[in-house]
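Okay, everyone, thanks for coming. Let me put the structure up, and then we'll walk through a sheet, a helix and one residue.

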Amino acid sequence: DNDGRILSDTAVTAKVKATLLAEKGIPSTAISVETYEGRVLLSGFVDTAAVKAKAAQVTAGVSGVKQVQNNLVVK
């Protein structure tokens, strides 16, 4: 059922965004989150490698996330 998958990907994206927003020190507004079949792509710009790693770690902990592709760029 394709609609169910799309809905769950949308839900995962929303959960990841909310989780990043709640995490101190992560510029969540600068991070784009896309989800396809449970694989989450993070993109955008962050200030440090530590923030990049933390964003991926936080994302991986969200339920429904099967894999994280961290394309964040440290500027």
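Before I get going, a word on how I use "contact": I mean heavy atoms within 4.5 Å. And keep in mind that this is a predicted model.

With that settled, have a look at helix α2, residues 49-60. This helix lies across β1, β2 and β3, and its direction is at about 160° to that of β3.

So what's underneath? Those 3 strands make an open sheet, ordered β1-β2-β3, with mixed pairing. The edges are taken by β1 (31-36) and β3 (67-74); each has a single partner strand, so one side of each is left without a neighbour in the sheet. Going from one strand to the next, the twist averages 10°.

Now the β1 end of things. β1 pairs with β2, residues 39-46, in the antiparallel sense, and there are 6 bridges between them. If you want a landmark there, find Ser32: across from it, in β2, is Ser43.

Back up to the helix, because there's one residue I'd like to show you, Thr59, which sits in α2. Is Thr59 buried or exposed? Its relative accessibility is 0%, and the cut-off for buried is under 20%, so Thr59 counts as buried.

What does the Thr59 side chain have for polar company? A polar atom of that side chain is 2.7 Å from the backbone oxygen of Ala55.

And further away in sequence? Setting aside neighbours within four places, Thr59 is in contact with Val16, Leu20, Val40, Leu42, Val65 and Val68.

Okay, that's my tour. Over to you.

Key. Residues numbered from 1 in each chain as written. Predicted model: local features only at pLDDT ≥ 70, side-chain atom pairs only at ≥ 80, totals over all residues. Heavy atoms only, no water. Pairing = 2+ DSSP bridges. Helix = DSSP H or I, 4+ residues; strand = E, 2+ residues; numbered from the N terminus. Axes fitted to C-alpha atoms, helices over the stretch in contact; angles between N-to-C directions. Buried < 20%, exposed > 50% of the residue type's maximum accessible area, 1.4 Å probe, protein only. Polar contact = N/O pair within 3.5 Å; in protein donor to acceptor, adjacent residues only side chain to side chain.
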